[in-house]
Amino acid sequence: MAFVRNLLGAKKILGRSITAAAPRKRAPSSPPKGFLVVYVGESQKKRYVVPISYLSKPSFQALLSKSEEEFGFDHPMGGLTIPCPEYTFINVISRLR
C-alpha cells in the first residue's frame with residue numbers, strides 16, 4: 001500500500017514538473033513581451049515582430065514619421081502599418097542591430 005502511495009506521489013510530482021517545463025503557447029497574433037508587431041509592404045503587407053527598443057532609434061522614428069506623413073494613423077491590420085517597400089524596411093532594421 002505504501003508503494004502505491006509513493007508511486008502516485010511520484011506521478012503527481014513528475015506531472016507538475018513536465019507541465020512547468022512545457023513552453024507556454026500564445027496566440028500567433030500576440031508578440032512576446034518587449035516586442036511589437038509592424039506590417040510592412042506596399043500592396044501585400046508582411047508581419048514583422050520587432051523589439052520595442054527600436055522605437056527610440058532615430059532611423060526607425062524617421063521611417064514611422066515618413067509613414068505618418070504619407071498615410072496618417074490608419075492601421076487596419078491592428079499593428080503599426082509601414083507602407084514602404086519591404087527591402088527598405090529590412091535595410092533600416094539591419095542597421096539597428
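# Exercises on a predicted α/β model

From the N terminus on, the elements of the protein follow the order α-β-β-α-β-α. The model is predicted. It has 3 helices and 3 strands.

## Exercise 1. The hairpin

Task: Determine how strand β1 is joined to strand β2, and describe the turn between them.

Solution.
1. Locate the strands: β1 covers residues 35–40 and β2 covers residues 46–51.
2. Find the sense of pairing: the two strands run antiparallel and are joined by 6 bridges.
3. Check one pair in the ladder: Phe-35 stands opposite Pro-51 of β2.
4. Look at the connection: β1 and β2 make a hairpin with 5 residues between them. In this turn, Gly-41 has a positive phi of about 140 degrees.

## Exercise 2. The sheet

Task: Work out the strand order of the sheet, and name its edge strands.

Solution.
1. Start from the pairing of β1 with β2, which is antiparallel.
2. Add the other partner of β1: β1 and β3 pair in the parallel sense over 3 bridges. Here Val-38 stands opposite Leu-80 in β3.
3. Combine the two pairings: the sheet is open, has 3 strands in the order β2-β1-β3, and its pairing is mixed.
4. Name the edges: β2 and β3 (80–82) each pair on one side only.
5. Add the twist, which averages 35 degrees from one strand to the next.

## Exercise 3. Helices against the sheet

Task: Which strands do helices α2 and α3 meet, and at what angles do the helices run?

Solution.
1. Take α2, residues 58–71: this helix lies across β1, β2 and β3. Its direction is at about 85 degrees to β3.
2. Take α3, residues 86–96: this helix packs on the sheet and touches β1, β2 and β3. The direction of α3 makes about 10 degrees with that of β2.

## Exercise 4. The nonpolar core

Task: Identify the residues that touch the most other members of the largest nonpolar core, and say which element gives the most to this core.

Solution.
1. Take the size of the core, which is 14 residues.
2. List the members with the most contacts to other members: Val-38, Val-40, Val-50, Phe-60, Ile-82, Phe-89 and Ile-93.
3. Assign the contributions: at least two residues come from each of β1, β2, α2 and α3. The element that gives the most is α3, with 4 residues.
4. Follow one member, Phe-60. Leaving out residues up to four places away in sequence, Phe-60 touches Val-38, Val-50, Tyr-54, Leu-55, Ile-82, Phe-89, Val-92, Ile-93 and Leu-96.

## Exercise 5. The salt bridge

Task: Find the partner of Lys-46 in a salt bridge, and decide whether each of the two residues is buried, partly exposed or exposed.

Solution.
1. Apply the cut-off: a side-chain nitrogen of Lys or Arg must be within 4 Å of a carboxyl oxygen of Asp or Glu. The count comes to 1 salt bridge.
2. Identify the pair: Lys-46 bridges to Glu-86, with the closest N and O atoms 3.5 Å apart.
3. Place the residues: Lys-46 is in strand β2 and Glu-86 is in helix α3, 40 residues apart, and the pair links distant parts of the chain.
4. Recall the limits: buried means under 20% relative accessible area and exposed means over 50%.
5. Classify: Lys-46 is at 43% relative accessibility, so Lys-46 counts as partly exposed. Glu-86 is at 30%, so Glu-86 also counts as partly exposed.

Key:
Residues are numbered from 1 along each chain as its sequence is written. This is a predicted model: local features need pLDDT of at least 70, side-chain atom pairs count only at pLDDT 80 or more; totals for chains, interfaces and linings use all residues. Side-chain values use heavy atoms; hydrogens and water are left out. Two strands pair if DSSP finds at least two bridges between them. Axes are lines fitted to C-alpha atoms, for helices over the stretch in contact, and angles run from 0 to 180 degrees between N-to-C directions. Contact means heavy atoms within 4.5 Å. Buried means under 20% relative accessible area, exposed over 50%, partly exposed in between (1.4 Å probe, protein chains only). A nonpolar core is a set of buried Ala, Val, Leu, Ile, Met, Phe, Trp, Tyr and Cys residues joined through side-chain atoms within 4.5 Å.
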